[in-house]
Amino acid sequence: MIEGEASERTDLVEAPGVIIGTGGTSATTSAGELLFFAWRNWKVRIGLGIVLIFLIAAFVGPLLTDHPPNEYVGPTSAPPSAQFWFGTTIFGQDVFSQFVHGLGATFLVGVIAGGIAAVIGMTVGFVAGYRGGMTDEVLSMLTNIVLVIPTFAVLLIVAAYLSVRGVVIEAVFIGLTSWPWVARAIRAQTFSLRAREFVDLARLSGSRPLKIIVTEIAPNMSSYLFMTFILLFGSSVLIAATLDFIGLGPTEGTSLGLMMNNAVLWSALQLGLWWWFIPPGLAITAIVGALYVTNVGLDEVFNPKLREM
Amino acid sequence: MRRYFGRKLSIYALTFFLAVTINWMIPRFMPGDPVQTMLARAGLRPEASEQMFAYYTEVFGLDVPIFEQYLNFWSSLFRGDMGTSIWLFPTPVTEVLLSALPYTLGLLLPAIILSWIAGNKFGAFAARKRWLDNTLLPVGYVLTATPYMWLALVLAFVLAATAGWFPISGAYGITLRPAWNWNFMLSLAHHWVLPFLTLFLVSFGAWAIGMRNLIIYELEADYTTYLETLGAPRGLVRKYAFRNAMLPQLTGLALQLGVIVAGALVTEIVFNYPGLGFLIKQAIENRDFFLLQGAFFFIVIGVLLANFLIDIVYVMVDPRTRLGMEGEAAT
């Protein structure tokens, strides 16, 4: 109990500079009320709005262009025009087509990698926190090791040895390496929750540990779990873009990081082809930034103390 | 304190062991034959290729039982032997990496330390000040969400390619040779500014927001209310809040090291800055697996050392760990 409390503040710091409070008001507040507060919060509105715009672009965009992303279809190095909205690359590929297809890959990586990391992190965190003892020792050791290891370097090596790489494989590997902070944070919260009366009551009435975790402990952190997924989504997108940029992106198809990689490789910087590398990075920044802002907004929604008066 | 360091060191030792094992395992258990792939890409004449194959099979140590391979891997590692670079044949990998290391460290260390200090100061200053807070928050979130390489590209495009204020590529002018004279130093500093600024800005945003959020939590704590009811001046309350918020920020620094290092790698690639990132890119393009794996070791060792340094600082600032009580970083 004491240990749980002691480590709680450490676990507030997670993704770069992002904090999640201990929220957890869902037991007393109804879903409708939460939605009302969520909608009233401008951070949530703006954040989700931006993400939605890019999501729509990822779905609708490919229908608006009949150029496949990697085909040589137009004049080379042409600036944005009515025909090629985002211009063309040095080879005459349609940047707009690459952009919208890359957006789709970005969302895919975020969902898969974020989902995998969330599931592993929650499982490890709940089990370690609820079981305690030896199980906790082993799982915490594992968590701490993965936490210190520079996982990006591991991803580099793994990706370099894969001769065929796809977006999904990339996402799976990112998910497998980015769960530790989630496990730590959830373990700490489970630690403090499992000593509460309602958990004791459930245990006395003969519920199995799994059922207690799912029906008694998890619902008390549902807001927290949701925000965790948002942060994981954002960080996965950034990691994937970095990997792609180094030249370890998908060997087939396209992605936003790959676009920037090609732009640098073919001296877009020196030739002034800004339309080649500005859109992909801008989209990543906008999506991830919007997610972070949504997260702050949701924190205020779930944690009334933080709401602006 | 002994227990604290004991725990920490055992985690680092295990991590190092695991990292070495991963590094050994991946080439051997991944689908495909690394030696073949490497040679296929090199495009050599058949007879040369055969010789190279025999050579690399021996260098990889693939001709002895697998357990022996593993032990050999460790022993050559302790001798500082990481194989021979293929891209810069026949320079040993260790030598190649050591010559690149100063450039990476020269970017990373100032960027990490300065952004951490400046971000914390600014975040603490901005917290609970409506106007500053409303401007800091959006700017900070945009900065932390920016991929390093994109900020590098934007800065290079605006300040170097368009405005021409800074050089766009390299660590010093192409006409110069590394030497201890003013001319070279000036050129070195001039080339250093933009990569440094990239790393600094992205991390700065993260630390400023982190600090701002922590201060707000601290200002809601009971001790703050207590101090305020006692009539303590605002400055004093904030000072205490800042000190308390420093600890999680320090832990955060340790956790973020990997991300910042990754950021430095891609920033170097954008600016053709001859550090580890540049080498990694060359290694990937030239299928130089020895170089790549050597770079992996350098990064792992660097991050572990930095973690240990942060632990020492932690003990200095947090009396609880010093007195052997369960501190926040004790787990």
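**Interface and internal cavities of the two-chain model**

In this predicted model, 69 residues of chain B and 64 residues of chain A take part in the contact between the two chains. The area buried between chain B and chain A comes to about 6,000 Å², with carbon and sulfur atoms giving 75% of that area. On the side of chain B, the residues that lose the most area to chain A are B:Y141, B:W150 and B:Y217, which together account for 11% of what that side buries.

The rule finds 0 salt bridges across the interface of chain B and chain A, whereas 3 residue pairs, both members at pLDDT 80 or more, are found in polar contact. The elements of chain B that each give two or more residues to the side touching chain A are α1 (2–29), α6 (130–145), α7 (148–162), α8 (182–218), α10 (234–271), α11 (276–285) and α12 (289–317). The residues of this side of chain B comprise 45 nonpolar, 15 polar and 9 charged.

A search of the whole structure for enclosed space finds 8 cavities of 30 Å³ or more, and the largest cavity holds about 700 Å³. Its lining is made up of 38 residues, among which A:I239, B:L255, B:Q256, B:G258 and B:V259 lie nearest the centre of the cavity. Two or more lining residues come from each of α5 (133–148), α6 (151–161), α8 (180–193) and α11 (222–248) of chain A, and likewise from α8 and α10 of chain B; of these elements, α10(B) gives the most to the lining, with 9 residues. By residue class, the lining of the largest cavity divides into 26 nonpolar, 11 polar and 1 charged.

Methods:
Residues numbered from 1 in each chain as written. Chains lettered and ligands numbered in written order. Predicted model: local features only at pLDDT ≥ 70, side-chain atom pairs only at ≥ 80, totals over all residues. Heavy atoms only, no water. Contact = heavy atoms within 4.5 Å. Buried area = accessible area lost by both parts, 1.4 Å probe. Salt bridge = Lys/Arg side-chain N within 4 Å of Asp/Glu carboxyl O. Polar contact = N/O pair within 3.5 Å; in protein donor to acceptor, adjacent residues only side chain to side chain. Helix = DSSP H or I, 4+ residues; strand = E, 2+ residues; numbered from the N terminus. Nonpolar A, V, L, I, M, F, W, Y, C, P; charged D, E, K, R; others polar. 1 Å grid on protein atoms, 1.4 Å probe; cavity = no way out; pocket = protein on both sides within 12 Å on 5 of 7 lines; lining within 4 Å. Points joined across faces, edges and corners; volume = space filled by probe spheres on them.
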